[in-house]
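Visitor: I'd love a close look at one part of this model. Could you start with a single side chain and then lead me on to the parts you would show next?

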Amino acid sequence: MSMVSDVIVVGGGAAGMMAAIFAARNGKKVTLIEQNEKLGKKLFITGKGRCNFTNACDIEDLFQNVVTNPKFLYSAFYTFSNQMVMDFFEEIGLPYKIERGNRVFPVSDHSSDVIKVLEKEMKKENVKILLNTKVKSLIIEDGICKGVVLKDKRQMCAGSVIVATGGVSYPRTGACKDGYVFAKEAGHCIVDVQPSLVPFELADTCCKDLMGISLKNVSVTIYADQKKVYSDFGEMLFTHFGVSGPIIIKASTYIHKYLDKDLRLTIDLKPALDEKQLDERILKDFQIFQNKQLKNSLDKLMLRALVPVVIEKGKLDGDKKVNELTKEERKALGNVIKNLPFSITGLRGWDEAIITKGGVKVKEIDPGTMESKITKGLFFAGEVLDLDAHTGGYNLQIAWSTGYLAGINS
C-alpha cells in the first residue's frame, strides 16, 4: 500500500465533485472514486433534467427550507453561500438564470452542462478520476482513517478520505447504502433512512378515475389520528395510486413520523371562500340550474371529473334536482367542497424519492469542517448526512456547501 493521494473522495456526485475541486484548489493531490461509468448520474436527472442547482433566496430563507438539522448547516451555508455557489458556477463557465420561486438553472436548461463544467474544473485542478471503481471499505487504524480498500482488494492510502456517496433515492443511478456502511465501520450512528419528497398512496379507488387531474390554488390539510399535523396551499395532481405535485411532495418530508397512525388528507377546493361565501356561491349556481339534477349543476364550481367524487363523499343524491335539496344537504355539499377527504396508506418508494431522509448522525460530525468527531481524517458531505430540505435547489445547496467545507478542510 502506497500513499496515492493527499485526499480520496468517494463518490462523484454533487458533493463529491465540489469537495474534490476545493481540496485540489487548496493544494492537495486528490483522487475521486466513482462506482458508475460516469460522474453525476443523479445530478443529470435533477430538476427533470434541467438541474435546479441552488436557490437565490435570502440566506435566512435557506435555513427555513431545511427540514432536518438546519442549525448544523450554519457554518456551511455562511462559508459557501448560495450566492457564492452561483458565482462559482459562473466563474467556471456556466451562465445561470433565476426563475419562479428563486430557482436557479443553467441558461442552457441542460443538467449535463453542470456536470461538464465540474468535470472540466476537476481536470484543470489535476484531480485523478477513477470511474467504474467501487470502494469496499475504509482503512482505519488507531482511530485515524488512512485510506480505502477497493472491491478488487487493492488498497489506496491517503491523508484524508471524504465520503460523499449520497443517499438511497433513485437506485437506477447506482445509489446504494455504501456510505452508511463506511460510517458504521468508523463508529458512527445512522439515523433511519427513508424515501422523502415522494407522492402519497391513497386507499380511495376514485383516484384512478381522477388520474391526471391537476388542481391549482387548493389547500391541503393532513391529520394523524384526527390531529392536524400539516397544511399547505398550492398545486397538486391525482395519479393512479394517489396524489403527487408540489404541495404533496413537500408534505411528505413532514409525515414520516406519523406513518403508523391513521393518516387523512383533506382538500379545500375553494380556499378563497369561507363557508358562508361558498354557500352563497352554491345558491347562486343553483338558481341558474334549479331544474337540473345535482350531478349536472356543479360544473361552474369545480372540474367535471371531481363532481361524482364530491357527491359520493358528501353522501348526496346526484340524481336529486337542486331545487329539491334541503338546507342540510346544501351545507353537506359545502362541507365536502371545503374538506374533500382521503385516506393515506403510505408513501411511494425509493424509485420515486427525490431525496433520502436520515443518514449519518450530524451530532458526530464537526459542522465547521465536516470531519468525523470519532475518526480523524474522515469527512462526510452531501446526502449521506442526516440533512434534507424542500424542493427548489435547497438540497443541492446542502451538497455544495458541505462538499466545499469537506474539501477545504481535508
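Guide: Happily, let's start at Cys206. Its sulfur lies 4.9 Å from the closest cysteine sulfur, in Cys207, and that is too far for a bond; a disulfide here is a pair of cysteine sulfur atoms within 2.5 Å. Please keep in mind that this is a predicted model, in which local features need pLDDT of at least 70 and side-chain atom pairs count only at pLDDT 80 or more, while totals for chains, interfaces and linings use all residues. Residues are numbered from 1 along each chain as its sequence is written, and side-chain values use heavy atoms, with hydrogens and water left out.

Cys206 has a relative accessibility of 8%, so this residue counts as buried (under 20% relative accessible area, with exposed over 50% and partly exposed in between, for a 1.4 Å probe and protein chains only). Overall, the structure holds 0 disulfides. Cys145 is in none either: the nearest cysteine sulfur to its own belongs to Cys157, 9.3 Å away. Cys145 is buried too, because its relative accessibility is 1%.

Burial also marks strand 16, residues 263-268, where 5 of the 6 residues are buried. Helices (H or I, at least four residues) and strands (E, at least two) are DSSP runs numbered from the N terminus. Strand 16 runs antiparallel to strand 13 (residues 214-224), joined by 6 bridges; two strands pair if DSSP finds at least two bridges between them. Across that pairing, Ile267 of strand 16 faces Val220. Strand 16 also pairs with strand 17 (residues 340-347), again antiparallel, over 5 bridges. There, Thr266 has Pro341 of strand 17 as its bridge partner.

Now for another sheet. It is open, with 3 strands in the order 3-6-5 and antiparallel pairing. Strand 3 (54-55) and strand 5 (96-99) each have a single partner strand, so these edge strands have one side left without a neighbour in the sheet. Strand 3 meets strand 6 (residues 103-106) through 2 bridges, with Asn55 opposite Arg103. Strand 5 is joined to strand 6 by 4 bridges, and Ile98 stands opposite Val104. These two strands form a hairpin with 3 residues between them, where Gly101 takes a positive phi near 75°.

Let's finish with the helices. Helix 1 (residues 14-25) packs on helix 6 (residues 111-124) at about 30°, the axes being 9 Å apart. Axes are lines fitted to C-alpha atoms, for helices over the stretch in contact, and angles run from 0 to 180 degrees between N-to-C directions. Helix 1 is therefore roughly parallel to helix 6, since angles under 35 degrees count as roughly parallel, over 145 as roughly antiparallel, 65 to 115 as roughly perpendicular and the rest as oblique. Met17, Ala20, Ile21 and Arg25 of helix 1 make the contact with Leu118, Glu121 and Met122 of helix 6, contact being heavy atoms within 4.5 Å.

Helix 10 (residues 275-288) and helix 12 (residues 327-338) have axes that come within 10 Å and cross at roughly 120°, so this pair is oblique. Leu278, Ile282 and Phe286 are among the helix 10 residues that meet helix 12, whose side includes Leu333, Gly334 and Ile337.
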